[in-house]
Amino acid sequence: MASPQAPARSAADPGSGKDAILRAARRAFTQRPYAEVTIRGIAADAGVSPSLVVKHFGRKEELFNTVADFGPAAAELFDAPLGTLGRHMVLTLVKSRRVQQSDPLLRVVFSLGNQDERSLLRDRFHEQVTDALTARLPGRERALRAELIAGHLIGLGATLSLHREGAGADATAEHIADLYAPALQSLIDAP
């Protein structure tokens, strides 16, 4: 039975349960040193009991490894033919932010400049996002183009976060893709 401070929640509800724990863990691990993060603090931020965090994710180390995994997000972002990949990435990122209320890539920004375990976020991002995209791109300077594309995607996520109630919040995902995707596609298609 849930306490008044941690109401019972449905795991199917994207604003509760596992998703809420993951959002809280992403914030915690990207904003504070690993040693300062606690399961109890993550649970409080997520509005759940510490035992629910342990039930879903195990120890703090296992939860950190889940947060540091960009693989599923990258697979979804890159799941389109090269000729439409730029548009697909923009649509996927915008829709993911709106449905899941979190950005699949932006958490890596908070790890910049930190030398503790959060450096794993950067390493995983490079391996699972940038290297995966490099492998898909044809032509010359694939690694550089992949880094620039990743930067564009992070920039889009940061812009949408910064202007949560701005023009981007009112625009459809399709309209944002109409404006933003051509820059990505030009990097994808470069010889």
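A150 is found in helix α8 of this predicted model. The residue is buried, because its relative accessible area of 4% falls under the 20% cut-off. Leaving aside residues up to four places away in sequence, A150 touches F125 and T130. A further pairing spans a longer stretch of chain. A150 and L105 are separated by 45 residues in sequence, yet their C-alpha atoms lie 8.7 Å apart.

The overall architecture is helical. The secondary structure comprises 10 helices and 0 strands. From the N terminus on, the order of elements is therefore α-α-α-α-α-α-α-α-α-α. The protein has 191 residues, and buried residues make up 42% of them. Contacts between residues at least 6 apart in sequence were also examined. Of these, 67% join residues at least 24 apart.

Helix α1 covers residues 17-31. At 1.5 Å a residue, its 15 residues should span 21 Å. The C-alpha atoms at its ends are 21 Å apart, so the model agrees with the expected span. The helix is mostly covered, with 11 of its 15 residues buried. The buried set consists of G17, A20, I21, L22, R23, A24, A25, R26, A28, F29 and T30. These buried residues pack against five named helices: α2 (39-46), α3 (50-57), α4 (60-67), α6 and α7 (119-136).

Helix α1 also contributes to the pockets. The largest pocket holds about 530 Å³ of space. It is lined by 21 residues, and those closest to its centre are R97, S102, D103, S161 and R164. Two or more lining residues come from each of α1 (17-31), α6 (85-100), α8 (142-162) and α9 (167-170). The largest share, 5 residues, is supplied by α1. By class, the lining of the largest pocket divides into 6 nonpolar, 7 polar and 8 charged residues.

The second largest pocket holds about 380 Å³. Its lining has 17 residues, with L22, R26, P72, A73 and Q100 nearest the centre. Helices α1, α5 (71-77) and α6 each give two or more residues to this lining. The lining of the second largest pocket comprises 5 nonpolar, 5 polar and 7 charged residues. Among the residues nearest its centre are L22 and R26, and both belong to the buried set of α1. Helices α1 and α6 thus recur: they are among the elements that give two or more residues to the largest pocket, and they do so again for the second largest pocket.

Within α6, one residue was considered in detail. T92 is found in this helix. Its relative accessibility is 13%, so T92 counts as buried. A polar atom of the T92 side chain lies 2.7 Å from the backbone oxygen of H88. Not counting residues up to four places away in sequence, T92 touches E76 and L77.

The junction of α7 and α8 was examined next. T134 is found in helix α7. With a relative accessible area of 13%, T134 is buried. Beyond its neighbours within four places in sequence, T134 is in contact with R142, A143 and A146.

E141 is found in the loop between α7 and α8. Its relative accessible area is 54%, and since this is over 50%, E141 is exposed. The backbone of this residue is notable for its phi, which is near 50°, a positive value in a residue other than glycine. Most residues other than glycine have a negative phi.

R142 is found in helix α8. This residue is partly exposed, because its relative accessible area is 34%. R142 touches T134, A135 and L137, again not counting residues up to four places away in sequence. The side chain of R142 reaches the backbone oxygen of T134 at 3.1 Å. R142 also lies 9.2 Å from L187, C-alpha to C-alpha, although the two residues are 45 apart in sequence.

Technical notes: Residues numbered from 1 in each chain as written. Predicted model: local features only at pLDDT ≥ 70, side-chain atom pairs only at ≥ 80, totals over all residues. Heavy atoms only, no water. 1 Å grid on protein atoms, 1.4 Å probe; cavity = no way out; pocket = protein on both sides within 12 Å on 5 of 7 lines; lining within 4 Å. Points joined across faces, edges and corners; volume = space filled by probe spheres on them. Helix = DSSP H or I, 4+ residues; strand = E, 2+ residues; numbered from the N terminus. Nonpolar A, V, L, I, M, F, W, Y, C, P; charged D, E, K, R; others polar. Expected span 1.5 Å × (residues − 1). Buried < 20%, exposed > 50% of the residue type's maximum accessible area, 1.4 Å probe, protein only. Contact = heavy atoms within 4.5 Å. Polar contact = N/O pair within 3.5 Å; in protein donor to acceptor, adjacent residues only side chain to side chain.
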